[in-house]
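Subject: Structure for you to look at

Dear colleague,

I am passing on the structure we spoke about, and below it you will find my notes on what turned up in it. Please read them with the coordinates open beside you.

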Amino acid sequence: MALDRKDLAILAELTTNARASHTELANKIGLSSTALARRQKALEDDGYIQAYQAALDLAQFGLTTTVLVRIALESQSDDALKAFEAEVVKCPSVVRCFLMSGTDDYILIVLARDIQDFERIHRTELSRLPRVARVQSSFALREIVNRAVPTVVFGETKR
């Protein structure tokens with residue numbers, strides 16, 4: 001399905017307010033509620049919209065420390081990669097994991113309550129991951145940008 005301006009407008013609105021009603025979205029975008037509902041359903045069916053989820057204030061849960069963890073494996077063999085990936089998904093403190101090019105094999109995003117909590121996470125979760133040769137951690141001082149979708153997707157180059 002080729003996306004037009006109305007589809008992009010629907011997606012842009014939903015990325016900022018996924019709970020918006022069909023009527024509210026239709027009024028903002030200039031469609032009838034029925035047309036809006038049909039387009040939104042097509043966007044879901046075609047996989048452009050994969051899920052709706054709440055954005056939580058993690059500080060309310062005491063998770064105020066974001067740690068970027070760089071992992072190098074002892075080998076980049078298929079077995080080593082599979083073994084690591086099978087176990088890292090089980091780590092409850094890891095919220096994102098990326099297979100990387102370059103000197104690090106993976107970058108993990110870990111959420112912790114504080115430095116002491118991260119020490120516990122390192123000891124009980126990260127240090128137990130298979131085939132790890134090196135772990136390097138950096139603590140985020142402050143979050144500057146947190147977008148679910150880059151605005152260029154909707155034809156916007158700046159906000």
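Helices here are DSSP runs of H or I with at least four residues, and strands are runs of E with at least two, numbered from the N terminus. Please keep in mind that this is a predicted model. With those terms, the span of residues 3–64 is 53% helix and 0% strand, and its end C-alpha atoms lie 38 Å apart. The unreviewed UniProt entry places the feature "domain: HTH asnC-type" at these residues, 3–64.

Within that part of the chain, the charged side chains deserve a careful look. Arg 39 and Asp 4 are joined by a salt bridge, at 2.9 Å from N to O, and this pair links distant parts of the chain, with Arg 39 in helix H3 and Asp 4 in the segment before helix H1 (5–16), 35 residues apart. A salt bridge also joins Asp 7 and Arg 39, again with 2.9 Å from N to O, which ties helix H1 to helix H3 across 32 residues. Asp 7 and Arg 39 are both buried, whereas Asp 4 is partly exposed, with a relative accessible area of 33%.

The structure holds 10 salt bridges, and another of them pairs Asp 117 with Arg 120, whose closest N and O atoms are 2.8 Å apart. These two residues are separated by about one helical turn, because they sit three residues apart in helix H5. Asp 117 counts as buried at 12% relative accessibility, while Arg 120 counts as partly exposed at 35%. Returning to the earlier residues, salt bridges with shared partners join Asp 4, Asp 7 and Arg 39 into one network.

As for the nonpolar interior, the largest core has 18 residues, of which Val 69, Phe 84, Leu 108, Val 110 and Leu 126 touch the most other members. Strand S1, helix H4 (78–88), strand S3 (106–112) and helix H5 (115–124) each give two or more residues to this core. Apart from it lies another core, of 14 residues, among them Ile 10, Ala 12, Leu 43 and Phe 154.

Finally, on the surface, Leu 56, Leu 58 and Phe 61 form a nonpolar patch with about 290 Å² of accessible area together. Leu 56 lies in the loop between helix H3 (33–45) and strand S1 (65–73), and Leu 56 is exposed, with a relative accessible area of 55%.

With best wishes

Note on methods
Residues numbered from 1 in each chain as written. Predicted model: local features only at pLDDT ≥ 70, side-chain atom pairs only at ≥ 80, totals over all residues. Heavy atoms only, no water. Patch = residues over 30% accessible without salt bridge, like charges linked within 9 Å, V, L, I, M, F, W, Y side chains within 5 Å. Areas by Shrake-Rupley, 256 points an atom, 1.4 Å probe, with all protein chains shown as cover. Salt bridge = Lys/Arg side-chain N within 4 Å of Asp/Glu carboxyl O. Buried < 20%, exposed > 50% of the residue type's maximum accessible area, 1.4 Å probe, protein only. UniProt positions renumbered as here; feature names shortened; annotations may be inferred. Core = buried A, V, L, I, M, F, W, Y, C linked by side-chain atoms within 4.5 Å.
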